[in-house]
Amino acid sequence: MEPLSNKRKLLEVKPLNFWERAYLPAIAQGLSITMKHFFKKDVTIRYPEQKREFSENFRGLHSLKRDEQGRERCTACGLCALSCPAEAITMTAGERQKGEENLYREEKYAAVYEINMLRCIFCGLCEEACPKEAIYLDGDIVPTDFTRKDFIYGKDKLVEPPLNQ
Amino acid sequence: MELSDLLIKLVLVLIIFAISLVVAMYSTYAERKVAAFLQDRVGPNRAGPFGILQPLADGAKMFMKEEIIPTRASGFLFVVGPSLAIMTACIGSAVIPWGPQMQIGSRVIDLQVTDINVGILYIFGVVSLGVYGIMIGGWASNNKYSLLGAIRAASQSISYEISMGLSIIALLMLTGTLSLKEIAEQQHGWHWNVLYQPLGFLIFMVCAFAETNRSPFDLPECETELVGGYHTEYSSMKLGFYLFAEYINMFVSSAVMATLYWGGYNYPGMDWVAAHAGPTIAPIIGVIVLFAKIFGFIFFFMWIRWTIPRFRYDQLMHLGWKTLIPLAIANIVLTGVIATLIKNFA
C-alpha cells in the first residue's frame, strides 16, 4: 500500500551493544539526571500556609451582594434557579414589611436562599442570569465538611456581611 | 576476662544496637526526603521542624495498628518470620570494627564488639540467615503472593551470594585474613582496598543491593506484581519489623562495604591527626569518618532506588549467573596473576 505521507520511518531493532548490555553507563547517566534534580528547587506549594493564586476569572463560592446602602440586592426573581443547569439553587420569596427598607432593596426579597454546593458545578450561569447583580461567584474554594446536609449553604453563609461591621 | 571488660563490651553492644536502630529509623525519613528531593518535591515536613519527628510518628502508627494474623496462616511461623528477620539484621554489626583502639585513662578499648578471626564468614552466615525470615514469613502467610515473594527472595539470595563470595575471595587473596579488624588495619591511611579491587567492589556492591532486597533487585516485595510480596499479609509492628530489618540490613551492608573496600575508619592524614589529637580523640574522629562513609553508601542505596527501575526476573537471574559469576571468577584469576607477577618481579 502506498503510504499516505512520506514521513513513515522504518525502525529496525538493533541488538544492544556491549556498553548497553553492561547497564553501567546507562545507570551512571540516570544517576546524573536524578542528581541534577536533587539540587533543583521544589515546585511544591505548601498548601495551608501558602495558596496558589487564582486566575482573575476564577469562579468560587457564591456571595449574595448588597447595594451601596447595605441592602440585599436579591429580589427572589428565580432566574438564577432557572438558569442553573445543576438545579442547585432553591429559594422562597418573602414580602418586605414596613420598617425593613434598610434591609432589602426591593419589595420582594429572598426569605430563604439555598445553594447545594455538592450539586453546583460553578459554571457561573447564575451570575450571568441575575438582573440585579445580586450573585457573584467571587469567593474561595468550598471548604470540606462531613455530612451532605452541611453542604447546603443558606443565607447565613452566602450573604455578604453588612457594610459597616 | 574481668568484670570491667565485660561491662565495657556490654555498653558497646548497647551503643551499637541503639545506633543501628536510630540509623535505621532515620533511614526511613532520609529515604522519603531523598526521594522527594530527587523528584523536585518537599517530602515529610509536618511532624516537627523539617519533619524530623516523622519516624516517631510512623512508629507510633505502626504500634497502634490492628494486628491481623490470617486464620489460615501458620500462627507460630507467622510470628517467627519477622522476628528472625530483625534479629539477623541486628546481630550482623557485631564484628564490624567501628574505630581504632581508643585509650581512656590507662584503659585501651577496642571499638569492636568481638574480633573473631572469621569475621567475614560470620557476616556471610548472618546475611544468608536473613533470607529465612522472609521465606518463613512468606510461607506462613498461606498466600500465593507471599509465597511467590518468598521463593523469589530465596532464589535471588542464593544466586547473588555466590558472586558475592567469589568477589570476596579476590579481596582475601590480597589481605590474607578473614578478620575484619585486620582488614581494616591493613588499609591504613589511603591504602583502601577499592583501589586494588575496583571490579571486586563493583560486584560486591551489586550483590549487596540484591542481598538487602533493595531496588533494582526488590523483586521479593515488588508491588506491581506481587501486591506486597512476602509481607502482603503482615500488619502492625510485624510489618514494621520487616521494613525495619531492610533498613538495618542496609546500614550493616554499608558498614561492611565501607570496612572491606573503602578503608573503614581510615582516612588520609590519620597519622598526623593521631599525633596531634591524642589517643582518645583520634579514634572518635575515625568513627566519624566511618559513619560518613556509611551514610554515603546509604545515600547511594537510596539514590539508586529512585533512579533505576526494577529488573525483570529473568534479567535478574541472567545478571547473577551469566554476568556476575564469570566476572567474579575472572577477577580472582586477574588478581592472582597480578599479585604473583608483582611478588616475583618487583
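The following paragraphs lead through a predicted model, beginning with chain A, pausing at one of its lysines, and then turning to chain B.

The secondary structure of chain A amounts to five helices and five strands, and, read from the N terminus, these elements follow the order α-α-β-α-β-β-α-β-β-α. The overall dimensions of the chain deserve attention, for a compact globule of 165 residues would be expected to have a radius of gyration near 15 Å, whereas chain A has 29 Å. Taken along the principal axes, the box filled by the C-alpha atoms of chain A is roughly 95 × 50 × 30 Å. Of the 165 residues in this chain, 13% count as buried. Even so, when contacts in chain A with a sequence separation of 6 or more are considered, 73% of them are accounted for by residues 24 or more positions apart.

A single residue, A:Lys65, shows how such contacts look locally. A:Lys65 sits in the loop that runs between strand S1 (63–64) and helix H3 (79–83) of chain A. Is this lysine to be classed as buried, exposed or partly exposed? A:Lys65 counts as partly exposed because it has 18 C-beta neighbours inside 10 Å, while the class of buried residues begins at 20. Once neighbours within four places in sequence are set aside, the residues in contact with A:Lys65 are A:Arg73, A:Glu133, A:Ala134, A:Tyr136 and A:Glu160. In addition, A:Val159, although 94 residues away from A:Lys65 in sequence, has its C-alpha atom 6.4 Å from the C-alpha atom of that lysine.

Chain B contains 12 helices and two strands, arranged from the N terminus as α-α-α-β-β-α-α-α-α-α-α-α-α-α. For its 346 residues a compact globule would have a radius of gyration near 20 Å, and the 21 Å of chain B therefore agrees with that expectation. The C-alpha trace of chain B spans about 65 × 50 × 45 Å along its principal axes, and buried residues make up 44% of the chain. Among the contacts in chain B between residues at least 6 apart in sequence, 80% join residues that are at least 24 apart.

The two strands of chain B form a hairpin, with two residues between them. Strand S1 (residues 99–104) of chain B pairs with strand S2 (residues 107–111) of chain B in the antiparallel sense, over four bridges. One of the residues involved is B:Gly99, whose bridge partner in S2(B) is B:Leu111. Within the same hairpin, B:Gly105 adopts a positive phi near 65°.

Conventions:
Residues numbered from 1 in each chain as written. Chains lettered and ligands numbered in written order. Predicted model: local features only at pLDDT ≥ 70, side-chain atom pairs only at ≥ 80, totals over all residues. Pairing = 2+ DSSP bridges. Rg over C-alpha atoms; globule rule 2.2 N^0.38 Å. Buried ≥ 20, exposed ≤ 12 C-beta atoms within 10 Å, placed from the backbone. Contact = placed C-beta atoms within 7 Å.
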